[in-house]
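Let's take a friendly walk through this structure, one region at a time. Keep the sequence and the 3D view open as you read.

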Amino acid sequence: MVVSLSRRSAVEPFHAMDILAEANRLKAKGLPVVSMAVGQPSDLAPAGVREAAANALKAGRIGYTDALGLAGLRKAIAAHYGEHYGLDVSPERIAVTTGSSAAFNLAFLAMFDPGDRVAIAAPGYPAYRNIMAALGIDIAEIELDGAAYLHAEHLQAAHREKPLKGVLFASPANPTGAVIPAGDLETLVKTAQELGIAVISDEIYHRLAYAAPDTTALSFGADVTVINSFSKYYCMTGWRIGWMVQPQELVRPVERIAQSLYISPPELSQIAAIEAFKATPELEAVKARYAWNREFLMQRLPELGFALAAPMDGAFYAFCDVTRHTNDSMAFARRMLAEAHVAATPGRDFDPLQGHRTMRFSYAGSHDDMVEAMARIERWLK
């Protein structure tokens with residue numbers, strides 16, 4: 001028997017998922033692991049979301065929908081842009097996707113060809129790099145070197161080095177939690193437009209900023225592509241439902257690709273997601289707990305020798321410099337999990353060059369878990 005393996009399959013592992021898998025193996029053995037490894041809210045999806053799904057199951061068949069999603073959900077997402085950002089977005093420009101992961105796949109496939117050069121920031125979400133590498137896209141990974149977020153000057157310098165076809169950034173960012181201020185975001189988008197660089201803005205942590213209101217990149221041009229998800233603020237990770245707001249020129253190309261890659265997003269999740277926009281009081285209570293966790297970790301992590309490497313402005317992550325304890329965050333994370341039973345993500349996921357110096361701690365769990373995790377780490381370090 002001959003097994004054929006493609007070169008594109010040799011992408012870097014998603015180390016957060018490897019750590020999660022090991023944490024789950026330890027839990028299955030009965031060990032009391034506290035996981036701060038992945039960005040997964042510990043709360044259930046809102047009650048109205050779960051009720052809508054239950055009613056849909058009782059009502060009968062769940063089947064295919066249009067490749068771009070249910071009209072009712074696309075209208076609800078468009079209404080959200082009016083209510084939350086004051087923008088008039090046509091439902092026709094919205095593609096509902098199987099999580100934000102499918103949205104990234106569709107955007108990259110519709111916008112870029114193999115060999116095109118696309119800029120991302122380091123540290124940054126590893127799936128950007130891994131998906132583009134699998135698709136043969138040339139990645140320009142811009143080291144932020146202490147800057148909190150990607151600036152227009154970073155983009156100009158990368159473009160001078162070799163012309164860029166696109167740029168992808170996130171605000172609030174994963175893994176840092178940094179938010180791009182509105183003025184700098186506008187400058188970044190407009191600089192990209194002037195240079196002829198297509199813009200993709202990852203906004204899946206919107207509604208999870210703690211010091212400033214959300215600003216969408218859509219405010220600065222209809223040619224921007226925005227990706228969002230119901231996984232984070234809306235507590236719907238396993239429902240695998242996200243969306244993309246596209247320039248009008250992308251709608252049909254994305255639809256054609258989606259028809260063959262995904263058929264359609266899951267109908268049950270789409271029906272349920274319509275109700276998510278009505279659950280703001282419930283979800284704001286969850287966010288208030290994140291804020292409590294954030295304040296706690298901003299104090300405790302530096303006390304334990306984990307200096308904050310970025311401002312914790314949004315999302316639910318603390319990104320830390322661990323060089324007081326180690327110069328190998330991968331080995332350190334594995335030892336901490338095996339010996340202290342606390343899971344966190346090594347920085348290699350987010351920055352192949354400098355990630356050995358850093359780790360990411362997620363504070364999306366319960367407050368009791370955060371307190372217990374810090375107590376365990378403190379005992380372990382002594």
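The paragraphs below visit a loop residue, a sheet and two helix pairs. Please keep in mind that this is a predicted model.

Let's begin with S231. You will find S231 in the loop that links β7 (225-229) to β8 (242-245). Is this serine buried or exposed? Its relative accessibility is 6%, and since buried means under 20%, S231 counts as buried. Which residues does S231 touch, leaving aside those up to four places away in sequence? They are P41, M236, T237, R240 and I241. Another residue to display here is Q40: along the chain, Q40 and S231 are 191 residues apart, yet 7.8 Å separates their C-alpha atoms.

Now turn to the sheet. Four strands form an open sheet in the order β9-β10-β13-β12, and their pairing is antiparallel. Which strands stand at the edges? They are β9 (307-308) and β12 (345-346); each has a single partner strand, so one side of each is left without a neighbour in the sheet. For β12, follow the pairing with β13 (residues 358-362): the two strands run antiparallel and are joined by two bridges. If you would like a residue pair to look at in this part of the sheet, P346 stands opposite M359 of β13.

Next come the helices, starting with α11 (residues 329-340) and α12 (residues 367-381). Their axes come within 10 Å and cross at roughly 100°. Angles of 65 to 115 degrees count as roughly perpendicular, so that is how α11 lies relative to α12. On the α11 side the contact is made by F332, R335, M336, E339 and A340, and on the α12 side by R376, I377, W380 and L381. Sorted by character, the residues of this contact comprise six nonpolar, three charged and no polar ones.

The other pair consists of α6 (residues 152-161) and α7 (residues 182-195). Here the axes are 8 Å apart and the packing angle is about 25°. Because angles under 35 degrees count as roughly parallel, α6 and α7 are described as roughly parallel to each other. The crossing of α6 and α7 is right-handed. From α6, the contact involves A152, L155, Q156 and H159, while α7 brings T187, L188, T191, A192 and L195. What is the division into nonpolar, polar and charged residues in the contact of α6 with α7? Five are nonpolar, four are polar and none is charged.

Terms used: Residues are numbered from 1 along each chain as its sequence is written. This is a predicted model: local features need pLDDT of at least 70, side-chain atom pairs count only at pLDDT 80 or more; totals for chains, interfaces and linings use all residues. Side-chain values use heavy atoms; hydrogens and water are left out. Buried means under 20% relative accessible area, exposed over 50%, partly exposed in between (1.4 Å probe, protein chains only). Contact means heavy atoms within 4.5 Å. Two strands pair if DSSP finds at least two bridges between them. Axes are lines fitted to C-alpha atoms, for helices over the stretch in contact, and angles run from 0 to 180 degrees between N-to-C directions. Angles under 35 degrees count as roughly parallel, over 145 as roughly antiparallel, 65 to 115 as roughly perpendicular and the rest as oblique. Ala, Val, Leu, Ile, Met, Phe, Trp, Tyr, Cys and Pro count as nonpolar, Asp, Glu, Lys and Arg as charged, and the others, Gly among them, as polar. A crossing is left-handed if the near helix is turned anticlockwise from the far one by less than a right angle, and right-handed if clockwise.
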